[in-house]
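Please open the model in your viewer and keep the sequence panel beside it. This tour suggests what to select at each stop and says what is there.

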Amino acid sequence: MREYMEKDIRQSLQEHIFRLENRRRELMRPEYLRLGLTIGQGQPRILMYLLTEDGCSQREIAENCHLDVTTLSRTLDRLAEKGLLERRINPQSRRECQIFLTEEGRETAAEVCSCFRETEKKMCSGLTEKELEALDAGICRMLENLTEA
């Protein structure tokens, strides 16, 4: 009986995580569209990352934004076409490009950060600091479990 109940809790948790992420994306979608960003390609995450790590390599972006390197190149192309970033040859390695935000890219990235903060506020509303810490620890452990698997 206990094994059955634990299975139900795990299934419920998985469903809640799935629904949470979908709802979060739904809330953020109108803002992304207003900013001219394509949904589902990691554009907002890339802009946020570059806000603090301007001048990094494509590989660094892929690793830190958890994006596939092959699709990242096309996403960076689209962001460059929109005037949000530019590629420059790395002076230390001519085979490598560094990615920089343009002024417009910096402004858009700041708006993306604001959107993330507002969504975070809504998501965490009513939770105590202790509950948030426990939730964070639990999710981190789940990520570790899946990484080890």
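Begin by turning on the surface of the protein chain, bearing in mind that this is a predicted model: the accessible surface comes to about 10800 Å², and 52% of that area belongs to carbon and sulfur atoms. If you then colour the residues by burial, you will find that buried residues make up 26% of the 149 residues in the protein chain.

Next, select the charged side chains, of which 24 are positive and 28 are negative in the protein chain, with the centres of the two sets lying 3 Å apart.

Now switch to a cartoon view, in which the protein chain shows six helices and two strands, and follow them along the sequence in the pattern α-α-α-α-β-β-α-α. The radius of gyration of the protein chain is 19 Å, well over the 15 Å that the globule rule gives for 149 residues, so the chain is more spread out than a compact globule. With the C-alpha trace displayed, look along its principal axes, where the spans are about 65 × 35 × 25 Å. If you display contacts between residues at least 6 apart in sequence, 52% of them join residues at least 24 apart.

For the last stop, select helix α5, which covers residues 103–124, and pick out Glu-107 within it. Is Glu-107 buried or partly exposed? Its relative accessible area is 48%, and because buried means under 20% and exposed means over 50%, Glu-107 counts as partly exposed. Finally, add Leu-51 to the selection: Leu-51 and Glu-107 are 56 residues apart along the chain, while their C-alpha atoms are separated by 9.5 Å.

Definitions and conventions: Residues numbered from 1 in each chain as written. Predicted model: local features only at pLDDT ≥ 70, side-chain atom pairs only at ≥ 80, totals over all residues. Heavy atoms only, no water. Helix = DSSP H or I, 4+ residues; strand = E, 2+ residues; numbered from the N terminus. Rg over C-alpha atoms; globule rule 2.2 N^0.38 Å. Buried < 20%, exposed > 50% of the residue type's maximum accessible area, 1.4 Å probe, protein only. Contact = heavy atoms within 4.5 Å. Areas by Shrake-Rupley, 256 points an atom, 1.4 Å probe, with all protein chains shown as cover. Lys, Arg positive; Asp, Glu negative; His and termini not counted. Charge placed at Lys NZ, Arg CZ, Asp CG, Glu CD.
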